[in-house]
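Biologist: Could you take a close look at one part of this model and then place that part in its surroundings? I would like a single connected account, with each cut-off stated where its term comes up.

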There are 2 protein chains.
Amino acid sequence: MSKAVVLLSGGLDSATCCAVAKSDGFEIVALSFCYGQRHTVELAAARRVARAFGITEHRIAEIDLHAFGGALLSDATDVPKDRILQAEEADIPPTYVPARNTIFLAYAIGWAEVLSCGDIYIGVNAVDYSGYPDCRPEYIEAFQKTANLATKAAIEGRSLTIHTPLINLSKAGIIRLGSDLGVDYGITHSCYDPSTDGLACGRCDSCLLRKRGFAEAGVVDPTTYQQS
Amino acid sequence: MSKAVVLLSGGLDSATCCAVAKSDGFEIVALSFCYGQRHTVELAAARRVARAFGITEHRIAEIDLHAFGGALLSDATDVPKDRILQAEEADIPPTYVPARNTIFLAYAIGWAEVLSCGDIYIGVNAVDYSGYPDCRPEYIEAFQKTANLATKAAIEGRSLTIHTPLINLSKAGIIRLGSDLGVDYGITHSCYDPSTDGLACGRCDSCLLRKRGFAEAGVVDPTTYQQS
């Protein structure tokens with residue numbers, strides 16, 4: 001069985017990505033990042049998801065993004081609440097972390113090369129996304145081209161594919177897909193600003209998108225929110 | 001004066017890059033990485049170079065490459081010695097670290113965005129290089145395209161340029177260029193396998209390329225080697 005590196009944040013998108021990679025026939029190896037994010041509780045969720053999928057190789061790389069700021073870092077500005085959802089907005093929200101997906105994917109291609117594996121899954125989404133530039137199809141395409149020039153594997157003729165199975169789905173579509181594949185969304189975490197005991201705030205962009213997704217998918221949301 | 005991010009390893013290439021960025025009229029901000037490399041003594045060299053150029057903003061990002069192995073990491077395999085120089089060889093040497101430049105450049109574009117700066121300098125070289133895939137012009141071009149899709153700045157129409165002033169120079173050419181611009185190569189460090197007190201081994205690929213470069217440039221090599 002071929003291995004695929006799945007970028008695993010512990011959110012509902014990356015959990016769905018695991019389910020898709022598995023149904024595509026891959027043995028999943030998972031890569032998460034500890035980057036000083038405000039919501040380190042998501043790493044606990046990443047571990048739960050890895051366990052649920054029987055993933056034996058799950059690396060958590062410590063990376064240093066403090067130089068770059070952004071509201072998702074624990075010592076930075078406040079996470080915005082109760083906003084109009086970004087899907088309808090053109091602005092890039094303050095939760096944007098510069099170059100985050102480029103950094104994540106760069107590590108993923110490094111690890112993929114070490115494992116001699118040619119497949120990477122990332123749960124980016126260009127529909128119900130949060131306005132991040134590095135979630136767009138044209139960005140992923142360009143990164144894949146770069147990756148196929150960057151490595152020894154590429155020089156030796158083994159190509160690398162960046163799979164983005166969620167890129168054209170709505171949040172509701174992702175939830176329907178994952179539900180069909182048996183994902184337990186109760187173990188995932190989306191909130192940008194959870195309480196110290198890990199409860200989702202219910203009011204940040206990510207919570208609002210998640211709630212709306214479950215509602216539109218007609219699937220019961222297993223999340224306990226501080227405020228509904 | 002516009003700022004430019006210069007990737008600064010403390011070696012002779014990146015020191016020359018600083019000199020070029022300065023002569024191009026930029027205020028230099030420098031980015032180095034502590035990645036568990038065997039030659040952490042190079043970080044001391046990076047600090048010396050930063051001081052010599054009067055760089056006030058010099059960040060050293062801690063990154064985690066241990067997952068990926070490679071001989072440049074301090075706990076990995078031996079650094080090869082006394083080999084035929086890679087410039088004449090087609091093989092990629094064991095000192096190759098998968099995806100290293102992609103990771104470095106990913107951080108650089110993140111920091112460039114935070115600083116609202118559109119210029120990055122990296123001292124890659126495709127002539128007297130060590131056979132690394134991520135030092136080739138086609139790789140840099142692809143990365144620049146990716147960078148110009150990855151960031152908020154790109155969406156807002158501010159473009160990013162990856163400058164590679166050394167890419168077509170021989171090591172001798174780099175040394176001549178830097179000497180003309182007043183670089184003090186005595187404070188730089190190239191060796192992959194220095195002694196505990198920081199002396200260059202004189203026998204690894206990097207020392208061999210450095211020695212030959214000075215000889216061909218007709219410039220006195222200020223380096224003290226353990227073995228000449």
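Modeller: The answer below takes up one helix, then the sheet beside it, and finally the contact between the chains.

This is a predicted model, in which local features need pLDDT of at least 70 and side-chain atom pairs count only at pLDDT 80 or more, while totals for chains, interfaces and linings use all residues. Residues are numbered from 1 along each chain as its sequence is written, and chains are lettered from A and ligands numbered from 1 in the order in which they are written.

Helix α1 of chain B covers residues 12–23 (helices are DSSP runs of H or I with at least four residues, strands are runs of E with at least two, and both are numbered from the N terminus). Its 12 residues span 17 Å from the first C-alpha to the last, close to the 16 Å expected (1.5 Å times one less than the number of residues). After α1(B) comes B:Gly25, with a positive phi near 95 degrees.

α1(B) is largely enclosed by the rest of the structure, because 10 of its 12 residues are buried (a residue is buried with 20 or more other C-beta atoms within 10 Å of its own, exposed with 12 or fewer, and partly exposed in between; C-beta atoms are placed from the backbone). The buried residues are B:Leu12, B:Asp13, B:Ser14, B:Ala15, B:Thr16, B:Cys17, B:Cys18, B:Ala19, B:Val20 and B:Ala21. They pack against three strands of chain B, β1 (3–7), β2 (27–34) and β4 (119–121), and against three helices of that chain, α2 (41–52), α6 (171–180) and α7 (205–217).

Helix α6 of chain B holds B:Lys171. That lysine, B:Lys171, also counts as buried, because it has 27 C-beta neighbours inside 10 Å. The C-alpha atoms of B:Lys171 and B:Arg210 lie 7.1 Å apart, although 39 residues separate the two in sequence.

The strands that α1(B) meets belong to an open sheet of 5 strands in chain B, with the order β3-β2-β1-β4-β5 and parallel pairing (two strands pair if DSSP finds at least two bridges between them). At its edges stand β3 and β5 (161–163) of chain B, each with a single partner strand, so one side of each lacks a neighbour in the sheet. On average, neighbouring strands are turned by 25 degrees against each other, direction ignored. Between β4(B) and β5(B) there are 3 bridges in the parallel sense; in β5(B), B:Thr161 is the bridge partner of B:Asp119. α1(B) packs on this sheet, touching β1, β2 and β4 of chain B, and its direction makes about 170 degrees with that of β1(B) (axes are lines fitted to C-alpha atoms, for helices over the stretch in contact, and angles run from 0 to 180 degrees between N-to-C directions).

From the sheet, the path leads to the other chain. In chain B, 36 residues are in contact with 36 residues of chain A (contact requires C-beta atoms, placed from the backbone, to lie within 7 Å). The elements of chain B that give two or more residues to this side are β3 (58–62), α3 (100–114), α4 (137–150) and α5 (152–155). Of these, α3(B) gives the most, with 9 residues. By class, the side of chain B that touches chain A has 22 nonpolar, 5 polar and 9 charged residues (Ala, Val, Leu, Ile, Met, Phe, Trp, Tyr, Cys and Pro count as nonpolar, Asp, Glu, Lys and Arg as charged, and the others, Gly among them, as polar).

Chain B is superposed on chain A by a rotation of 180 degrees with 0.0 Å of shift along the axis, at an RMSD of 0.0 Å (a least-squares fit on the C-alpha atoms of residues with pLDDT of at least 70 in both copies). That is the relation of a two-fold axis. Within chain B, the C-alpha nearest this axis belongs to B:Ile63, at 2.6 Å. Both copies use the same surface, since 100% of the contact residues of chain B recur in chain A.

B:Ile63 lies in the loop between β3 and α3 of chain B. With 20 C-beta neighbours inside 10 Å, B:Ile63 counts as buried. Leaving aside residues up to four places away in sequence, B:Ile63 touches A:Ile63 and A:Asp64 across the interface, and B:Phe33, B:Tyr35 and B:Ile103 within its own chain. B:Phe33 is 30 residues from B:Ile63 in sequence, with 6.7 Å between their C-alpha atoms.

Conventions:
Contact = placed C-beta atoms within 7 Å.
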